[in-house]
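Thank you all for making time this morning. I would like to walk you through one model, so please have a look at it on the screen before I begin.

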Amino acid sequence: MFRDAIGHGTDLGRQVKPIMERGELVPDDLVMKLVEQRLARPDCAHGFVFDGFPRTIGQASQLDGILARRGFGKPLVIDLAVSSDKLMRRLTGRRMCSVGGEIYNVYDAPPKSDGKCDVDGGDLIQRADDRPEVVTERLAAYERLTRPLTDYYQRQGVLETVDAGASVEEVGRALREVLKGVKS
Ligand SMILES: [Zn+2]
């Protein structure tokens with residue numbers, strides 16, 4: 001969404017650009033303005049999915065306000081629960097093709113030849129924020145800022161937990177099971 005706003009040169013995009021270029025966290029009030037503008041677009045009229053958002057109690061409570069103002073119902077919140085050992089392995093093992101963006105994992109889904117993409121032979125790179133020391137920091141920030149959201153949404157009765165430590169197929173099946181119960 002940030003990249004989209006920057007690309008379109010909107011007011012918010014111009015405010016967000018220098019912050020992102022410095023590698024800093026975009027403040028909640030700007031994030032929430034961007035979210036509210038995005039939700040006003042026609043393709044969101046019948047619902048939408050956030051991935052990895054909200055990340056803080058502050059964002060979640062502001063999001064509740066936006067949903068109420070815009071006449072949306074209660075959200076369905078899915079906690080994809082994975083042990084930190086598994087997360088470490090998934091994130092630090094992740095490699096991305098520098099040409100086509102294909103994703104590999106050196107432990108669980110390695111390319112046929114070391115460091116090269118199966119599809120186009122592009123070099124595989126590790127994202128800066130997937131380095132072990134950065135992942136450790138990301139997980140600590142998650143525990144501190146984001147973990148409290150499970151209680152927050154549990155109290156609202158909208159939280160579903162899916163064991164995301166399982167295989168892609170099993171997680172997919174569990175997610176479809178959860179979504180079956182939702183009409184719109
Ligand atoms: Zn590739």
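Which elements do the buried residues of helix 3 pack against? Before I answer, please keep in mind that this is a predicted model, and that everything I say is computed from it.

The buried residues of helix 3 pack against helix 1 (2-7), helix 2 (11-21) and helix 4 (57-69). The residues in question are Leu-30, Val-31, Met-32, Leu-34, Val-35 and Leu-39, which are buried in that helix. As a general point, an α-helix has 3.6 residues a turn, so residues three or four places apart point the same way. The length of helix 3 can be checked as well: with 12 residues, 28-39, and 1.5 Å a residue, the helix should span 16 Å, and because its end C-alpha atoms are 16 Å apart, the two values agree.

Helix 3 also takes part in the second largest pocket, which holds about 150 Å³ of space. Its lining consists of Met-1, Asp-4, Ala-5, His-8, Thr-10, Leu-34, Gln-37, Arg-38 and Arg-41, and by class these are 3 nonpolar, 3 polar and 3 charged residues. Helix 1 and helix 3 each supply at least two residues of that lining, with helix 3 giving the most, namely 3 residues. Leu-34, then, is listed among the buried residues of helix 3 and also appears in the pocket lining.

Let me turn to the metal site. Which residues coordinate the zinc ion? The donors come from Cys-97 (SG), Glu-102 (OE), Cys-117 (SG) and Asp-120, the last of these listed with OD twice, at 2.1 to 2.4 Å. Along the chain, the donors follow the spacing C-x4-E-x14-C-x2-D. Glu-102 and Asp-120 link distant parts of the chain, 18 residues apart, with Glu-102 in the loop between strand 2 (94-97) and strand 3 (103-105), and Asp-120 in the loop between strand 3 and strand 4 (124-125). Glu-102 counts as partly exposed because its relative accessibility is 23%, and Asp-120, with a relative accessible area of 34%, is partly exposed too.

Finally, the overall picture. The protein has 8 helices and 5 strands, which run from the N terminus as α-α-α-α-β-α-β-β-β-α-α-β-α. Its C-alpha trace spans about 55 × 40 × 30 Å along the principal axes, and of its 184 residues, 28% count as buried. Among contacts with a separation of 6 or more, 56% are between residues 24 or more positions apart.

Methods:
Residues numbered from 1 in each chain as written. Predicted model: local features only at pLDDT ≥ 70, side-chain atom pairs only at ≥ 80, totals over all residues. Heavy atoms only, no water. Helix = DSSP H or I, 4+ residues; strand = E, 2+ residues; numbered from the N terminus. Expected span 1.5 Å × (residues − 1). Buried < 20%, exposed > 50% of the residue type's maximum accessible area, 1.4 Å probe, protein only. Contact = heavy atoms within 4.5 Å. Donors = N, O, S within 2.8 Å, 3.2 Å for Na, K, Ca; no water. 1 Å grid on protein atoms, 1.4 Å probe; cavity = no way out; pocket = protein on both sides within 12 Å on 5 of 7 lines; lining within 4 Å. Points joined across faces, edges and corners; volume = space filled by probe spheres on them. Nonpolar A, V, L, I, M, F, W, Y, C, P; charged D, E, K, R; others polar.
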